[in-house]
Amino acid sequence: MQQIFKVTAWQALQYDTGKPDHADPAKSLDPGSPADKGGWFSAKVPGAIQYDLMARGKIENLYASTRAALDCAWVAKSDWLYKGEFDTPAEAVNAGTIILRMKGIDTFSEVWLNGTLLGDTANAMRVYDFPVKNGLLAADGKNTILVRVKSHERMVADKLDETEKHLHNGREIEGTAGKSLIRRYQRSFFNGGSSLLNLGTGVLGIGINRDVELLVYPAAYLSDLFYRTEKIEADAANTPCARSSGKVIFTAENVDSNTIVKITVTDADGQSVAVIGKAAVKGEQEIPLSIEKPNLWWPAGYGKPYLYDLKAEVIQNGKIVQELNQKIGVRTVELVRKDPSGKDTFYFKVNGRKVLIHGENHIPLDYIKCYATDEEYDRIFKILENQNVNLIRIWGGGVVEEDSYYERCDQMGILIWHDMFLHSNTYPDYDPEYAANYMAEVEGIIRKVRPHVCFALICGGNEQQEGWDQWGWRGSLDRFYGEKFFNELTPPLAAKLCPDLPYIPNSPHGGVDCQSPAVGECHNWGNFYNSTKDPLFVTETCWTHESYSRPETLKKYMGLDVDAPEWSTLGWHEKWRERTHLGIHNRMPYTSWFTVETLRAYLHNLELEQLRADYSALSEYRYRSPSNAGVVYWSHNKGGPLFQFGCVDYGGYPMMPYYAVKRIFDPIGIHAHRDVSDIHVMLSNHTADTLPITVEAYHLDKQGKALNKWTWETKPESGALIRAARLEDLYSKVHNRLEEVIYVCASRDGKLVAEDMLFLCPFREYDGEYRPLKIKSEKIGEGKWRITLNAETPARLIELESNHKLLYTDDYFPMINGKEKVIEATLLEKTSDEPVKLIAGILGAEGTQTVIL
């Protein structure tokens, strides 16, 4: 049977960049030379050299300040030599095929095994498989892998003149020139005045950032395997899912005339639903696969994401020589661009049913090494599930994710919109070497992701078309460099590899200048006006300035203690600018909250502003945009401690805007808005069913006295947006706009499922009268609590915090007296040995209340 062995013991040293390429590093090491005399040090793989040096105290924490980030630039401009050692596995003796797999190297390298050059790498997005010839492994001893990871700058230096001539993007390796030439994490470069680091520069990670594996195949094997659903059929009785038809597609290697591939599909109960087989020949083959009365895979909120087990056995001369196991799902996916009348639309149809998208843009979880730990990924998926997400966009500024990431999306019913990695820049499509490298990257990504049922759309890149249409590129370039990749080369490749999936050339796209709310999909960057134009589909959102990570995260990653005296005394603004290169934002149009006496208060205010901005604009989509079929929020997570955007901070803390987005993505939503003197109550049903809903509206003064109250019963259909009520001329009956609110809520079977509070004045100016909350808590499982809250007067915003990392089913919400609020809290991570505390407060009120959970 095939075996996979990870190489886990690694060391590294700084290597002389002046030594010739493709010369055995083992023979050229000179302990007396300045570059080599530092000697070997322990290196983490997967990892990055910067983190190894930080751990040894050889460079300052690169996150700490602008100066620290600039001071470590030399690391990525140096060569580094990794040494890994492993014993020859017994299974490798007399094996038919042995492959050394480098799953990710950032970026340029040459790979040596026992003094033999196996090959080079030039793309951090690609997996490189190097064949290991018979006799190269040591039969009775240690094997040594040497990987010379080469300076980013050195490896593209000979390309800079041509790039500057055609692309006009300078010569800065950490900037747009490097971004054009180096196939690695695109948004880590300093571009347009910022990077995800947001310290006034970019830091380029360097090293081996994914696993190194030895693959051993004793005989014939499959190098590629996936299932594709082609049709879901009804029967004569019009049963919608009578059978599915599709194909198992595989690529066989080392086969002979006695090689058979056997496919067995079993359901979740272990019952066999299909067994098929075929004599194997070298290369790609297909086997038809039908399933009677299949259980379909559905996106979250529309049914169960049902998965079958597919087992592929390679049988050679009567012996099983390889077994592969995959999870597969039965589903079809379409992107509908026109309705039957010819009207422009943009929505996903899964298994023949329209799906309303609750999406998030994913940013790599680590700015330097891109990938995170299993525990960090696990927390992220808990956070996504809690937010009712059913689509993730793997954004063109990021990286291709780990296999386990896509597996979790399969399991949770989360569709994947997958950009190719072109991002807000021009690219040297005139260079045949670059073009071949890029297209090999694209093919590798599609082949990697296509076995996953979650894979729903291929997009050629991010914001190239927008740059050409709107950013002035036409005025300085003789043609659109890079367009060939997403308009000419990628479409036929995508159609060949995934004929069942929709392809769009770029995001955003459509309309006269690619940002139309009426055609295609748009990025509503800083353009609140377009949010009022009923956009068909929104793939990125942003409305205000920026917020930064939580104080706990700034302390962990930057060593910045916001409660230190220097950050609460006059002049802290100047210290902040000196340390981070960032100024102070003084526009708060959504909250008018201008408390900037301390850094802690300032960070809180930025977060509050983003909360109100997001909720205000996203509400336009859900409650006033009948054509809108999806929102993909920008961005789910922050790409660095100080990255401006994102609703989950760099340390994994869900922030205020996370809960605003969650409220927009709730299955049932309710919203109140004023139109002249009338108050409209909008109700939205994003479930798969028609549901009976009780709608209530209250006109309250600040003491909680009900000046009026209304109740209606309604049954919105799946996907419906309805006006549940119109309170005619109510605004004219308001006596004091500063002290009165309109509260609306939706209940199902007596349980509160949605609520909204309409303020009749600026958010900051509401003059509430606050009294302590009544709080009860009950432990309902390991690391889980039920919390019951009651208010005595209307509260503008309830804030629930903790001394640990908690996830709530709701937070940062309004309350009124007489409407009990029940939420659940889940412990994401214990951050100290202290008992878990719930810290509750009312925005604008004095003090907080603490409960030990």
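Okay, R210 and Y371: R210 lies over the face of Y371, and the distance to the ring centre is 5.0 Å. Keep in mind that this is a predicted model, so everything I show you is computed from it.

There's another pair like that further along the chain. R674 lies over the face of Y731, this time at 4.6 Å from the ring centre.

Since we're on rings, let's stay with them. How many aromatic pairs does a search of the whole structure find? It finds 38. Let me pick one of them, W473 with F480. Their rings sit edge-to-face, 6.2 Å centre to centre, with 65 degrees between the planes. Why edge-to-face? Because the planes are over 60 degrees apart, and that is the cut-off for the label.

Now, are W473 and F480 buried or exposed? W473 has a relative accessible area of 14%, so it counts as buried. F480 is buried too, at 5% relative accessibility. The cut-off for buried is under 20%, which is why both get that word.

And W473 and F480 have company. Ring pairs link them with W468, W471 and F486 into a cluster. If you have the structure open, find W473 and follow the ring pairs from there.

Right, on to sheets. A quick reminder for the newer people: strands of a sheet pair through backbone hydrogen bonds, and they can do that parallel or antiparallel.

Here's one sheet. It's open, it has four strands, and the order is β1-β12-β5-β9, with antiparallel pairing. Which strands are at the edges? Those are β1, residues 3-6, and β9, residues 128-131, and each of them pairs on one side only. From one strand to the next, the twist averages 25 degrees.

Let's zoom in on β1. It pairs with β12, residues 212-217, in the antiparallel sense, over four bridges. If you want one contact to look at, take I4: its bridge partner in β12 is L215.

The other sheet I picked is also open, with four strands in the order β42-β40-β44-β45 and antiparallel pairing. Its edge strands are β42, residues 813-815, and β45, residues 849-852, each pairing on one side only. The twist here averages 30 degrees from one strand to the next.

Inside that sheet, β40 covers residues 795-802 and β44 covers residues 837-842. Five bridges join these two, and they run antiparallel. For a concrete example, L800 has A840 as its bridge partner in β44.

Terms used. Residues are numbered from 1 along each chain as its sequence is written. This is a predicted model: local features need pLDDT of at least 70, side-chain atom pairs count only at pLDDT 80 or more; totals for chains, interfaces and linings use all residues. Side-chain values use heavy atoms; hydrogens and water are left out. Two strands pair if DSSP finds at least two bridges between them. Axes are lines fitted to C-alpha atoms, for helices over the stretch in contact, and angles run from 0 to 180 degrees between N-to-C directions. Rings of Phe, Tyr and Trp (its six-membered ring) pair if their centres lie within 6.5 Å; planes under 30 degrees apart count as stacked, over 60 as edge-to-face and the rest as tilted. Buried means under 20% relative accessible area, exposed over 50%, partly exposed in between (1.4 Å probe, protein chains only). A charge sits over a ring if NZ of Lys or CZ of Arg is within 6 Å of the ring centre and within 35 degrees of the ring normal.
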